[in-house]
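Trainee: Please take me closely through one part of this model, the charged residues around a buried lysine, and then place that part in its wider setting.

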Amino acid sequence: MSETQTRLSAEVRTEFGKGFARRARKAGKIPAVLYGHGADPRHLSLEAREFARAIKGGANTILTLNLGDGEELALPKSVVRHPLKDYVEHVDLLVVRRGEKVTVDIQVHVTGEPVPGALVVNEQSVLSVEVDALQIPDRFEIDVTGAPVGTQFLAGQVAIGECTLVTDPEALMVAIQHAPTAEEVEASDAGAAAELGIEQDQPEAAEGEKSEGSES
């Protein structure tokens, strides 16, 4: 966990709508809204490159917004990206205070290798936790080193330090299963093809052989 904050310049905007959004993007800006703590939402423009660098370490980065007349700590709550071009279209920012608790989703990474012949199945890759806004972890880890087939890792078993778990503690995160052999995979594929009514490739008849009922 870290209290490192990223500074970011922000301009208050009075223009709205798709036309403004297009002009802002051409100027290298991102439309954003800052809300929270009962205050009226503030409509802002962020520098696109600065914002991209700021969240490079993760979406849960605490931003120190320089608003010209003061500073605000903010947490990105929604980052909307263009579905095809992948640029940021809009950002919702939540005002936070020092010592305040926030609920965030943290990525869970699997480390280590289970016993030979076992397969790691990731059922869920994030945990929702409540944590101090300035102490948000970068990630959690599940170590599967030497885990036998049949082992299950539940949300409540993940080490989360000083965080409070919000996800159901009985939620399955990772399961260790038997790794199928090549023969089992082939049999499974054949069964799936049969269910779909797909004929398996048949070996071509040897040259000179005649099909049943053909004339001699």
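**A buried lysine and its surroundings**

Mentor: Lysine 29 has a relative accessible area of 15%, which means that it counts as buried, since the limit for that class is under 20%. Please keep in mind throughout that we are reading a predicted model.

The partner to look at is glutamate 47, which forms a salt bridge with lysine 29, with the closest N and O atoms 2.8 Å apart. This pair links distant parts of the chain, because lysine 29 belongs to strand β2 and glutamate 47 to strand β3, with their positions 18 residues apart in sequence. The two ends of the bridge fall into separate accessibility classes: lysine 29 is buried, whereas glutamate 47, at 27%, counts as partly exposed. Nor does the pair stand alone, as Glu11 joins Lys29 and Glu47 in a network of salt bridges. As general background, side chains of opposite charge can pair when their charged atoms come close.

Serine 45 is a useful residue for seeing what surrounds this network. Serine 45 lies in strand β3, and with a relative accessible area of 8% it is buried. Leaving out residues up to four places away in sequence, serine 45 touches Ser9, Ala10, Glu11, Arg13, Phe20, Lys29 and Ile30. Two members of the salt-bridge network, Glu11 and Lys29, are therefore among the residues that serine 45 contacts.

Beyond the strand comes helix α2, which covers residues 48-54 and contains glutamate 50. Glutamate 50 is partly exposed, at a relative accessible area of 27%. Its C-alpha atom is 9.5 Å from that of lysine 29, across a sequence separation of 21 residues. Apart from neighbours within four places in sequence, glutamate 50 contacts Leu8 and Ser9, and Ser9 also appears among the contacts of serine 45.

Strands β2 and β3 span residues 29-36 and 39-47, and histidine 37 is located in the loop between them. Histidine 37 is not a glycine, yet its phi is positive, at about 60 degrees. For context, most residues other than glycine have a negative phi. The relative accessibility of histidine 37 is 47%, and the residue is therefore classed as partly exposed.

Strand β3 carries a further charged residue that deserves attention. Arginine 42 meets glutamate 72 in a salt bridge, with an N to O distance of 2.8 Å. This pair, too, links distant parts of the chain: arginine 42 is in strand β3, glutamate 72 is in strand β5 (residues 71-81), and they are 30 residues apart. Here the acid is the buried partner, as glutamate 72 has a relative accessible area of 15%, while arginine 42 is partly exposed at 30%.

Over the whole structure, the search finds 6 salt bridges. One of them joins the side chains of arginine 139 and glutamate 141, again at 2.8 Å from N to O. In this pair arginine 139 is partly exposed, at 39%, and glutamate 141 is partly exposed as well, at 43%.

Glutamate 141 leads us to the wider setting, and to the sheet that includes β10. The order of this open sheet of 4 strands is β10-β7-β9-β12, and its pairing is mixed. Strands β10 (140-143) and β12 (164-165) stand at the edges with a single partner each, so one side of each lacks a neighbour in the sheet. Within the sheet, β7 (residues 101-111) pairs with β9 (residues 126-132) in the antiparallel sense over 7 bridges, and glutamine 107 has valine 126 of β9 as its bridge partner.

Another open sheet has 3 strands in the order β8-β13-β11, with antiparallel pairing. Its edge strands are β8 (118-122) and β11 (152-154), each pairing on one side only, and neighbouring strands are turned against each other by 10 degrees on average, direction ignored. Strand β11 runs antiparallel to β13 (residues 172-178), to which 3 bridges join it, and leucine 154 stands opposite leucine 172 in β13.

To return to your request, the part to remember is the network of Glu11, Lys29 and Glu47, with lysine 29 as a buried member.

Definitions and conventions:
Residues are numbered from 1 along each chain as its sequence is written. This is a predicted model: local features need pLDDT of at least 70, side-chain atom pairs count only at pLDDT 80 or more; totals for chains, interfaces and linings use all residues. Side-chain values use heavy atoms; hydrogens and water are left out. Two strands pair if DSSP finds at least two bridges between them. Helices (H or I, at least four residues) and strands (E, at least two) are DSSP runs, numbered from the N terminus. Buried means under 20% relative accessible area, exposed over 50%, partly exposed in between (1.4 Å probe, protein chains only). Contact means heavy atoms within 4.5 Å. A salt bridge is a side-chain nitrogen of Lys or Arg within 4 Å of a carboxyl oxygen of Asp or Glu. Axes are lines fitted to C-alpha atoms, for helices over the stretch in contact, and angles run from 0 to 180 degrees between N-to-C directions.
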